[in-house]
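Welcome to this short tour. Please open the structure in your viewer and keep the selection tool at hand.

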Amino acid sequence: MAARPPAEGDRNAASAGDNRPALSLHVPEPKYRPGDAVDFSHIQVPEAGAQARPDETADPKDMLDLAHDLIRVLGEDNKAHGPWDPKLDPETLRTMLGHMAMTRAFDERMFRGQRQGKTSFYMKCTGEEATSVSASMALAADDMVFPSYRQQGILIQRGYPMIEMINQIYSNRGDKLKGRQLPIMYSSREHNFFSISGNLATQTPQAVGWAMASAIKGDSRIAATWVGEGSTAEGDFHSACLFATVYNAPVILNVVNNQWAISSFSGFAGAERSTFAARGVGYGIASLRVDGNDPLGCYAAEQWAANRARANAGPTLIEFFSYRAEGHSTSDDPSGYRSAQEREEWPLGDPVMRLKNHLIAIGEWDEERQEKMDLEAAEYVKKVTKEAEANGILGHGLHHPFRTMFEDVFEELPWHLKEQSEQAIRERETKFPEGLPNEGKGA
Amino acid sequence: MSDTATKTAPTSEAPAERRLNMIEAINEALDVTMSRDDNIVVMGEDVGYFGGVFRCTAGLQEKYGKSRVFDTPISECGIIAAAVGMGAYGLRPVPEIQFADYIYPGLDQLISEAARLRYRSAGEYTSPMTVRSPFGGGIFGGQTHSQSPEAIFAHVSGLKTVIPATPYDAKGLLISCIEDNDPVIFFEPKRIYNGPFTGYYDKPVQPWKKFDASIVPEGHYTIPLGKARLANEGEELTILAYGTMVHVVEAVCAEKGIEADILDLRTIVPLDIEAIEESVKKTGRCLIVHEATRTAGFGAELSALVTERCFYHLEAPVERVTGFDTPYPHSLEWAYFPGPIRIGEALDKILAE
């Protein structure tokens, strides 16, 4: 066969005789990089209380604007406004503030614990506390949640023992997940909290399946799932939307838009063209875009969606528009890819401060009580951390027995795992005839 | 032979000589289990009103209602993921993937989620699902309707992989899978849905009604996972096969007058290693036959196991007969298919040693 003759003019560039314009690829670029001055004036922050609150069983076609707007309750005056005001009593508001403060104190301590070498990894949710704490408060305790990795606030709100969280983070002998999962990948069937996966967005269609099962059985419980805006790029998220709408599943799809997926800004998940709430519109799902740093707005939207699901009126997609104030994880350094100014310039403020200021504005709180609460939270976390450390920290021997490595692959141990288990035990006895280093220490 | 390998369809268990083909047996397994446990739901593309493109779910929606037997969007990821969520709720979903070739968009949900859920949650959550899927070639399905991806699943910790070769086994094994608390992949060899065949493309499938293995008792019975079936007893060599290939090797041995221990593995995970070892130590020779591509296929695992465990009993190297390492070609599928000529040559080679 003859060799291909040289092309007359490279097709990669416009050439003589070819008057078609050359195409170019658009690669999204965040507005600000390290060292840049930040100007967030392009982010439209509507007035609190200006958004209509449709009936909870309304047709999604009649609320299309809410997928592009931003539902807000707390205004600049720190007061609650408009039809989305959930009108919570002060005691409930103080409880909400308390869970958010506790979540922050927990994050603080665990982050330090990682830096001290007590575990391998940690992820803070600083600035996003309302998207889990407030949302979770709007659900019933027996509703099933399928969280992503930054919803520790749900466990704190649901009263999951904090020592279990820390045991898990330390992978110690108290860890009921037997030291198998990456730190922060909790699971609690008792608290209707699904086991967290490291593969992104996989939990979203699973939540829909759970909700479908609840409907199949004529149950009254609903499901809610959380996913980051970056992970909405996964096919699983689109499967979730489709199954949710096809079967009118009693499920809430929460998208936490914290602007950053490690170092990739939300533009790589499609944010330059549309909102994340608007993804639901094409599927015919009721879709709300909410100020994710407004704890009352977060509560109100989740409550609306929960009522809708319970009324068998179908799924809701909620975009919580928020900001990831800290790095992605302890393994990340955000100063390498974004302006340090972003955090302070973020136009929607800090959810904990906004709720605190609201309570103060309505005469139900003061700075002294806040200080006391923060101190108590920090001391409580410190105390529980000490208790958990008695069960061991990562890499210091106080782990689950060796044989547990082979358990739970199947319900029963098959022959090949029995053989491999025996091999592992032989290897350990050869290397550590006296037992593992530090074994039994710290009991 | 050891009691680990059980003989073909015991007629004593079948009061009347009621013969079914594999499709009917599968349908009956679903019916029997669904009538016993209302947590069992059947879902998949076209499985509802229409009863499935191969008719395996025919009549079930009418009998059990739309909320227990329903069609799904064309989204294997969504099907498997929804089944994971349903399992976490407490249901026992039986999703159908219309062709095994289509399972790949659902692989992450199967491999990273369904298979690992028990382990990662230390038993708090499980995925008691049975994914049914027709697999294998021989129906002119081209490269997207003919694949045998069982080795992919055998490689994953936490999944069981089951492949029946007869109607009797299809019903008993499927009931066991549905009642099992681990996620199971149930591959249905579609070439033998309607009857066994010799492996020659110009010879038709023999209707199941001629064979005792198609005597299927009514009602509920189970076949334990991890127990091979001794399809034929012989002294000359051991042949390890599953699904369609069991019938092809039976035909070739009959044609050549070879007395072989033919072990129908039934499940490749868990594997009946005892039956394999016992047979190979008796015969001293081993041939492995599967339809899937050769490189890193399940035959490689079987060959390694036999060599590791029976080396000093072997009188000839372990041989593999498999499909080729190409996609399944449409017009030349009979050149791809590991048929009697390829198997016959391997038999001659092993028995000559």
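Which residues of β3(A) are buried on one side, and which on the other? Select β3(A), residues 251-257 of chain A, and look at both faces: A:V251, A:L253, A:V255 and A:N257 are buried on one side, and A:I252, A:N254 and A:V256 are buried on the other. Buried means under 20% relative accessible area, with a 1.4 Å probe and protein chains only. In a regular strand the side chains alternate between the two faces of the sheet. Strands are DSSP runs of E with at least two residues, helices are runs of H or I with at least four, and both are numbered from the N terminus.

Before moving on, a note on what you are viewing. This is a predicted model, where local features need pLDDT of at least 70 and side-chain atom pairs count only at pLDDT 80 or more, while totals for chains, interfaces and linings use all residues. Residues are numbered from 1 along each chain as its sequence is written, chains are lettered from A and ligands numbered from 1 in the order in which they are written, and side-chain values use heavy atoms, leaving out hydrogens and water.

Next, add β2(A), residues 223-228, which pairs with β3(A) in the parallel sense over six bridges; strands pair if DSSP finds at least two bridges between them. Here A:I252 of β3(A) is the bridge partner of A:A224. Follow the chain from β2(A) through helix α6(A), residues 235-246, to β3(A): this β-α-β crossover is right-handed, meaning that the path runs clockwise from the first strand over the helix to the second when the strands point away from the viewer.

Now select β7(A), residues 316-321, which also pairs with β3(A) in the parallel sense over six bridges. Look for A:E319 of β7(A), the bridge partner of A:V255.

For the last stop, select helix α1(A), residues 90-115, and helix α11(A), residues 367-389: their axes come within 9 Å and cross at roughly 50°. That makes α1(A) oblique to α11(A), a word for angles of 35 to 65 or 115 to 145 degrees. Among the residues of α1(A) that meet α11(A) are A:L97, A:A101 and A:A105.

Finally, find A:T103, also in α1(A). Is A:T103 buried or exposed? A:T103 counts as buried because its relative accessibility is 0%. Leaving aside neighbours within four places in sequence, its contacts (heavy atoms within 4.5 Å) include A:C125, A:Q152 and A:I156.

How values were computed. Buried means under 20% relative accessible area, exposed over 50%, partly exposed in between (1.4 Å probe, protein chains only). Axes are lines fitted to C-alpha atoms, for helices over the stretch in contact, and angles run from 0 to 180 degrees between N-to-C directions.
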